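Q: Could you take me through one part of this structure in detail, starting from its place in the chain and going on to the partners it packs against? I would like a connected account that I can follow with the model open beside me.

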Amino acid sequence: KGNKDYFLEVPSGLYYDDICSKNIMIDGWKFSWLVDLDYLMKWDFLEAIGRIMASWYGDEDNQVYVDEIMRLQDLDNQQINMVKVYAIITLVERMSEEGMKFNTNSSWEVDWDEIGNKKDKIMNLFREIKV
């Protein structure tokens with residue numbers, strides 16, 4: 001089944017949109033609390049996992065975080081592929097924001113090394129998607 005079919009058939013549901021390392025609490029190496037509950041989304045929960053993957057992709061020390069989330073969700077191959085598609089979409093979005101000024105602490109400067117880094121991650125993710 002292709003990505004188009006997946007997008008047309010995926011059931012819509014509620015999920016937490018901001019599960020990142022700064023918004024979870026760990027106790028004894030186990031997840032214990034979720035904080036910062038200001039984002040609740042409706043659609044495909046794999047999108048949130050894709051954004052997590054985009055944040056940690058290529059970071060061997062933190063890949064365990066992404067791997068554990070996917071393991072606990074018992075994702076099949078198509079779902080793992082979709083997580084990678086969502087990670088690619090997230091990286092493209094973040095790349096397009098490079099150099100935008102959001103507040104007084106940010107710069108108009110484009111970090112071309114970071115653009116190249118994101119491009120490399122996108123290309124590697126494309127290669128990992130199993131058709």
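The answer below goes from the chain as a whole to one helix, and then to its neighbours.

A: The model is a predicted one, and the part chosen for a close look is helix 2, which spans residues 46–56. To place this helix, it helps to begin with the chain, whose secondary structure amounts to 5 helices and 4 strands. Along the sequence these elements come in the pattern α-β-β-β-β-α-α-α-α. Of the 131 residues in the protein chain, 33% are buried, and of the contacts between residues at least 6 apart in sequence, 63% join residues at least 24 apart.

Against that background, consider the burial of helix 2 itself. Because 10 of its 11 residues are buried, helix 2 is largely enclosed by the rest of the structure. The buried residues are Leu46, Glu47, Ala48, Ile49, Gly50, Arg51, Ile52, Met53, Ala54 and Trp56, a list in which the charged residues Glu47 and Arg51 appear beside nonpolar ones such as Leu46 and Ile49. Just after helix 2 the backbone reaches Gly58, where phi is positive at about 85 degrees.

Part of the surroundings of helix 2 is supplied by helix 3, which covers residues 60–73, and the axes of these two helices come within 9 Å and cross at roughly 160 degrees. An angle over 145 degrees counts as roughly antiparallel, and helix 2 is therefore roughly antiparallel to helix 3. The crossing in which helix 2 passes helix 3 is left-handed. From helix 2, the residues that take part are Ile49, Ile52, Met53 and Trp56, and they meet Asn62, Gln63, Tyr65, Val66, Ile69, Met70 and Gln73 of helix 3. Sorted by class, this contact has 8 nonpolar and 3 polar residues, with no charged residues. The spacing of the participants on the helix 2 side can be read against a general rule. An α-helix has 3.6 residues a turn, so residues three or four places apart point the same way.

Within this contact, Trp56 and Tyr65 deserve separate attention, since a search of the whole structure finds 1 aromatic pair. That pair is formed by Trp56 and Tyr65 in an edge-to-face arrangement, with 6.3 Å from centre to centre and 85 degrees between the planes. Both partners are buried: Trp56 is among the buried residues of helix 2, and Tyr65 counts as buried because its relative accessibility is 18%, under the 20% cut-off.

Towards the other end of helix 3 lies Gln73, which is partly exposed, with a relative accessible area of 40%. Leaving aside residues up to four places away in sequence, Gln73 touches Phe45 and Ile49. The C-alpha atoms of Gln73 and Leu46 are 9.6 Å apart, although 27 residues separate the two in sequence. Asp74 is found in the loop between helix 3 and helix 4. With a relative accessibility of 66%, Asp74 counts as exposed, and its phi is near 50 degrees, a positive value in a residue other than glycine.

Beyond that loop comes helix 4, residues 77–97, whose axis comes within 7 Å of that of helix 2 and crosses it at roughly 60 degrees. That angle makes helix 2 oblique to helix 4, and helix 2 passes helix 4 in a right-handed crossing. On the helix 2 side the residues in contact are Leu46, Glu47, Ile49, Gly50, Arg51, Met53, Ala54 and Ser55, while helix 4 contributes Gln79, Met82, Val83, Lys84, Tyr86, Ala87, Thr90, Leu91 and Arg94. These residues divide into 9 nonpolar, 4 polar and 4 charged. Ile49 and Met53 thus meet helix 4 and also take part in the contact with helix 3.

Helix 4 in turn packs against helix 5, and their axes come within 10 Å and cross at roughly 160 degrees. These two helices are therefore roughly antiparallel to each other, and the crossing is left-handed. Among the helix 4 residues in this contact are Lys84, Ala87, Leu91 and Arg94, and among those of helix 5 are Ile115, Ile122, Leu125 and Phe126. By class, the contact has 9 nonpolar, 1 polar and 6 charged residues. Lys84, Ala87, Leu91 and Arg94 are also among the helix 4 residues that meet helix 2.

How values were computed: Residues are numbered from 1 along each chain as its sequence is written. This is a predicted model: local features need pLDDT of at least 70, side-chain atom pairs count only at pLDDT 80 or more; totals for chains, interfaces and linings use all residues. Side-chain values use heavy atoms; hydrogens and water are left out. Axes are lines fitted to C-alpha atoms, for helices over the stretch in contact, and angles run from 0 to 180 degrees between N-to-C directions. Angles under 35 degrees count as roughly parallel, over 145 as roughly antiparallel, 65 to 115 as roughly perpendicular and the rest as oblique. A crossing is left-handed if the near helix is turned anticlockwise from the far one by less than a right angle, and right-handed if clockwise. Contact means heavy atoms within 4.5 Å. Rings of Phe, Tyr and Trp (its six-membered ring) pair if their centres lie within 6.5 Å; planes under 30 degrees apart count as stacked, over 60 as edge-to-face and the rest as tilted. Buried means under 20% relative accessible area, exposed over 50%, partly exposed in between (1.4 Å probe, protein chains only).
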